[in-house]
Amino acid sequence: MKNKVQKFGKFLSAMVMPNIGAFIAWGFITAFFIDKGWFPNAKLAGLVTPMLNYLLPILVAYQGGKLVGGDRGGVMGAIAVIGAIVGAPDYPMLMGAMLMGPLAGWVIKKFDQAMDGHMPAGFEMLINNFSVGILGMILAIIGSYLIGPLMAAILTVLSAGVDVLVNRGLLPLAAIFVEPAKVLFLNNAINHGIFTPIATMQAEEAGKSIMYMLEANPGPGLGVLLAYWMFSKDKATKDSAPGAIIIHFFGGIHEIYFPYILMNPIVIIAPIVGNACAILFYSITGAGLVGPSSPGSIIAFMSMSPKGFGYVLTIGGVLIATVVSFLIAMPIIKMSGSKSLEEAQAKKDSMKAEAKGTAAPAAALTGASVKTADIKKIVFACDAGMGSSAMGATKFRNRIKSLNLGITVTNSSVDNVPSNANVVVCQTILQDRAVKSAPQARLVTLENFLADPSLDNLYEELAQRAGGAEAPAPEAAVEEEPKKEGKKGVLVREGIKTGLKSVDKETAIRAAGQLLMELGYVNKDYIDAMVEREKIVTTYMGMGVAIPHGTSNAKETVKKSGIVVMQYPDGVPFGDEKAHLVIGIAGVGDEHLEILANVAGSLEDMDLLEKLKTSADVDTIMKTFG
């Protein structure tokens, strides 16, 4: 049940998040130019209602339709939501947009599936365009007569419920639902789908609304992060908290403190009580914002405050929430012992993956049914097809070479897997893209490309085949290019750093990128591309080795091919494991594949690898990788 809620919340967030800029624009226009704004202007204030009633719902509905049915679904979503808007012109139709957009995407997706293989040649464009127009028209009519009035009725009931809570002093109880909803990724759905429409109707009458403040207050999360910073017994957690505080409080990314809650779920009591106290304060003082604070940054929160004394009330509620949350979280954290932030982060990533429908057990063999005897081509796939997959393919190719089965082992981008692939090996988070790219192939999912139980299972399967069948002639064993000598200057002595002190992952990646830049292999932009690549899929390969590299879009920032080797005897945390060798790679064209082949070949000697990770000197590393 929890996973379904997370999936639902993440989907609703995915509709809203790309359009946050539009919410910000509308919020600023509201704060600045309405009658009670900072710079009242009747003409510019005329932008407020059209943006709220038309622009925002259309954008949300388009995004929802696109998520389900692609570009055609997005267009249909925009058409359909207009019907809901016209059906209830006096109500902001953000909730209607969250319904009509995905519904429209689903309808056109089903239509396309029904027409697949049955579309007359030469009529594709006609049918595609008319189907969107006709089906969109039908949904718009349904929206006008049914969805719009239904959403208006729901908003009326919710508004009445809010009035009851306010009149009876019970509004602070909303925190009991709001704070857990954040951890379940429902924050955007609640804030923009429910609170914002109600708040807008209130603000039209009073010029402000407390409903804008219920979810966006950064104080509750700030209190939790401060408590971890000051009292956590886990050094990594303690050291990470200051950075998280900045991102959360000033950047407005509340998601940054979710792992800290997941470390000790009972800590959720702290933000609940903190937010409840802040809401009580706002209720008593009559505080409110003139527009939505999105994202929940202190900057956006304050910028939406009414001019004058409104600033004092707004900051007062943030301080109350922070102090109360901090005081409650403090003893819980002090008594909880040392718990790992990396484990909690992994739990959060798993929750997000499940919410996106991408979660699967590690070491899984899934996908199309392919018999062992029919396996002729194995493709290792990663996001760009230029880093971890190349290294994994090289190592597995060498591993099965002695089986003499005539199997080709290669690598590619996960979105461009060759159509003749029988088996696709990729990281778990990429499995949906792999299935879409190569539906005919068996899918092997894993956590890292160098050492994983799923690879062992695949090898054992192939070994059994080799033991029970007549092997082909040795010259036909494996289709691979002869291993080339490394290019001169790819690794230089200045590119090797040994005995480095342990740092966090991003610092290590940036240090490798900085050294690549200083040695003339790349320009400065490549460093950010390396960090961005790590956010997509980890470059940790297993066995204590990471190979950070840039995204495929960063190719133009590479001046010449090269690598740098950074040795961290105490390790750098990459998720649940530590990398002792951080090998930064930059390649012109496809030369990175040659470099990775050499690196992978060097990792076959396990005794040498252990030495390289902790005690090898520059000469040994130069001899090994150069």
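1. Let me start with helix α12, which covers residues 269-285. Its buried residues are Ala-270, Pro-271, Ile-272, Gly-274, Asn-275, Ala-276, Ala-278, Ile-279 and Tyr-282. Its length holds up nicely: with 17 residues at 1.5 Å a residue, α12 should span 24 Å, and the C-alpha atoms at its ends are 24 Å apart, so the two values agree. After α12 comes Gly-286, which has a positive phi near 75 degrees. Please keep in mind throughout that this is a predicted model.

2. For the overall picture, the protein chain holds 23 helices and 10 strands. It has 626 residues, of which 52% count as buried. Among contacts between residues at least 6 apart in sequence, 74% join residues at least 24 apart.

3. Helix α2 (residues 20-33) passes the length check too: its 14 residues at 1.5 Å each should span 20 Å, and its end C-alpha atoms are 20 Å apart, which agrees. Its buried residues are Ile-20, Ala-22, Phe-23, Trp-26, Gly-27, Ile-29, Thr-30, Ala-31 and Phe-33.

4. How does α2 sit against α4 (residues 48-87), and at roughly what angle do their axes cross? The axes come within 10 Å and cross at roughly 170 degrees. Angles over 145 degrees count as roughly antiparallel, so α2 is roughly antiparallel to α4. On the α2 side the contact is made by Ala-22, Phe-23, Ala-25, Trp-26, Ile-29 and Thr-30, and on the α4 side by Val-48, Met-51, Leu-52, Leu-56, Leu-59 and Val-60. Sorted by class, this contact has 11 nonpolar residues, 1 polar residue and no charged ones.

5. Helix α4 also packs on helix α5 (residues 94-115), with the axes 8 Å apart and at an angle of about 140 degrees. The two helices are therefore oblique to each other. Here the contact has 19 nonpolar, 8 polar and 3 charged residues.

6. Strand β2 (residues 377-382) deserves a look, as 6 of its 6 residues are buried. In a regular strand, side chains alternate between the two faces of the sheet. In β2, Lys-377, Val-379 and Ala-381 point one way, while Ile-378, Phe-380 and Cys-382 point the other way, and all are buried. You may want to look at Lys-377 on screen, since this lysine is among the buried residues.

7. Which strands pair with β2? One is β3, in the parallel sense over 6 bridges, where Cys-382 stands opposite Ser-413. Another is β4 (residues 423-427), also in the parallel sense, over 3 bridges. In that pairing, Val-423 of β4 is the bridge partner of Ile-378.

8. A backbone detail worth opening in your viewer is Asn-404, which has a positive phi of about 55 degrees although it is not a glycine. The residue is found in the loop between α16 (388-400) and β3 (408-413). Is Asn-404 buried or exposed? Its relative accessibility is 14%, and the cut-off for buried is under 20%, so Asn-404 counts as buried.

9. Further along there is an open sheet of 5 strands, in the order β6-β9-β10-β8-β7 and with mixed pairing. Why do β6 (496-497) and β7 (540-542) each have one side without a neighbour in the sheet? They stand at the edges, and each has a single partner strand, so one side of each is left free of a neighbouring strand. Helix α19 (residues 505-518) packs on this sheet and touches β6, β9 and β10, its direction making about 160 degrees with that of β9.

10. Within that sheet, strands β9 (residues 562-574) and β10 (residues 577-586) run antiparallel and are joined by 9 bridges. Phe-574 stands opposite Glu-577 of β10.

11. My last point concerns Lys-501, in the loop between β6 and α19. Lys-501 is exposed, with a relative accessible area of 73%. Its C-alpha atom is separated by 8.9 Å from that of Gln-567, although the two residues are 66 residues apart along the chain.

Definitions and conventions: Residues are numbered from 1 along each chain as its sequence is written. This is a predicted model: local features need pLDDT of at least 70, side-chain atom pairs count only at pLDDT 80 or more; totals for chains, interfaces and linings use all residues. Side-chain values use heavy atoms; hydrogens and water are left out. Helices (H or I, at least four residues) and strands (E, at least two) are DSSP runs, numbered from the N terminus. The expected span of a helix is 1.5 Å times one less than its number of residues. Buried means under 20% relative accessible area, exposed over 50%, partly exposed in between (1.4 Å probe, protein chains only). Axes are lines fitted to C-alpha atoms, for helices over the stretch in contact, and angles run from 0 to 180 degrees between N-to-C directions. Angles under 35 degrees count as roughly parallel, over 145 as roughly antiparallel, 65 to 115 as roughly perpendicular and the rest as oblique. Contact means heavy atoms within 4.5 Å. Ala, Val, Leu, Ile, Met, Phe, Trp, Tyr, Cys and Pro count as nonpolar, Asp, Glu, Lys and Arg as charged, and the others, Gly among them, as polar. Two strands pair if DSSP finds at least two bridges between them.
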